[in-house]
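Welcome, and please open the model in your viewer. We will go from stop to stop, selecting residues as we go.

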Amino acid sequence: MATTIITGRDLTLTIASTNYDAQATSAVLSNSPTVSTYQTLDGKAYKHIDDQWTFDIEMLADWGANSPSSLCEAMWTAASTAPNTSLTYTFTAATGAVFTGSLYPSFPDASATGKDAQTISFTLQGTAKPTLTIS
């Protein structure tokens, strides 16, 4: 079964009641289902066991930003102090479909390349299947 991938046009992450949405350059919400295969006397049987949701986000780094504050710093703090506390997100796909759910925090990268804008990548683990709202 292929992984479901949705790309989008808007993403808001909420950390400690603060919304962050201005820095994302790419977002991919994907599912890796776990399906067990059993060989029976009648042939193969398949059983869907679980779903593993992840959210891959690329963004412009905003270390030290003040408006409202830095997503990089908020994510670092959340991953340091409350790694098992989920963060909420709202992701709007190009079709107008809106996905909402929760993710666990992850430490952001810190890197730079010459004159280019500093970017970072996250792979955040989902807590459950996202909710889909079609507008």
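In which strand does Val 35 lie? Select Val 35 and you will land in strand S3. Keep in mind along the way that this is a predicted model.

**Stop 1: Val 35**

Show the surface around Val 35, and you will find the residue partly exposed, with a relative accessible area of 37%. Now add its contacts: leaving aside neighbours within four places in sequence, Val 35 touches Tyr 46, Lys 47 and His 48. For a sense of distance, draw a line from Val 35 to Leu 132; the C-alpha atoms are 22 Å apart in space, while the two residues are 97 apart in sequence.

**Stop 2: the whole chain**

Zoom out and switch to a cartoon view. The protein chain has 1 helix and 8 strands. Trace the chain from the N terminus and the elements come in the order β-β-β-β-α-β-β-β-β. If you draw a box along the principal axes, the C-alpha atoms fill roughly 65 × 35 × 35 Å.

Next, colour by burial: of the 135 residues in the protein chain, 31% are buried. The accessible surface is about 8,200 Å², and carbon and sulfur atoms account for 50% of that. Colour by charge as well, and you can pick out 5 positive and 11 negative side chains, with the centres of the two sets 10 Å apart. A contact map is also worth a look: among contacts between residues at least 6 apart in sequence, 58% join residues at least 24 apart.

**Stop 3: the nonpolar core**

Which residues have the most contacts inside the largest nonpolar core? Select Ile 15, Phe 55, Met 75, Tyr 89 and Phe 91, and show their side chains; the core they belong to has 26 residues. Among the elements that give two or more residues to this core are strand S1 (4–15), strand S3 (24–40), strand S4 (43–60) and helix H1 (71–81). Strands S5 (87–93), S6 (98–103) and S7 (119–125) are on that list too. Highlight H1 in its own colour, for H1 gives the largest share of the core, 5 residues.

**Stop 4: Tyr 89**

Stay in the core and centre on Tyr 89, which is found in strand S5. Is Tyr 89 buried or exposed? Its relative accessible area is 3%, so Tyr 89 counts as buried, the cut-off being under 20%. Expand the selection to its contacts, setting aside neighbours within four places in sequence: the list includes Leu 11, Thr 12, Leu 13, Leu 29 and Phe 55. It also includes Phe 99, Thr 100, Gly 101, Ser 102, Leu 103 and Pro 130. Then pick Tyr 20 for a distance: the C-alpha atoms of Tyr 89 and Tyr 20 are separated by 9.4 Å, with their positions 69 residues apart along the chain.

**Stop 5: Thr 100**

From Tyr 89, step across to one of its contacts, Thr 100. The place of Thr 100 is in strand S6, and this residue is partly exposed at a relative accessible area of 28%. Beyond residues up to four places away in sequence, Thr 100 touches Tyr 89, Thr 90, Pro 130 and Thr 131. Thr 54 makes a useful reference point, as the C-alpha atoms of Thr 100 and Thr 54 are separated by 13 Å.

**Stop 6: Leu 132**

Now select Leu 132, in strand S8 (residues 131–133). Leu 132 is partly exposed, at 47% relative accessibility. Its contacts, apart from neighbours within four places in sequence, are Ala 97, Val 98 and Phe 99. Between Leu 132 and Thr 25 the C-alpha separation is 22 Å, and the two are 107 residues apart along the chain.

**Stop 7: Ser 70**

For the final stop, select Ser 70 in the loop between S4 and H1. Although Ser 70 sits in a loop, the residue is buried, with a relative accessible area of 2%. What does the side chain of Ser 70 reach? Show polar contacts and you will see the backbone oxygen of Asp 62 at 2.9 Å. Beyond neighbours within four places in sequence, Ser 70 is in contact with Tyr 20, Asp 62, Trp 63, Gly 64 and Ala 65.

Conventions: Residues numbered from 1 in each chain as written. Predicted model: local features only at pLDDT ≥ 70, side-chain atom pairs only at ≥ 80, totals over all residues. Heavy atoms only, no water. Helix = DSSP H or I, 4+ residues; strand = E, 2+ residues; numbered from the N terminus. Buried < 20%, exposed > 50% of the residue type's maximum accessible area, 1.4 Å probe, protein only. Contact = heavy atoms within 4.5 Å. Areas by Shrake-Rupley, 256 points an atom, 1.4 Å probe, with all protein chains shown as cover. Lys, Arg positive; Asp, Glu negative; His and termini not counted. Charge placed at Lys NZ, Arg CZ, Asp CG, Glu CD. Core = buried A, V, L, I, M, F, W, Y, C linked by side-chain atoms within 4.5 Å. Polar contact = N/O pair within 3.5 Å; in protein donor to acceptor, adjacent residues only side chain to side chain.
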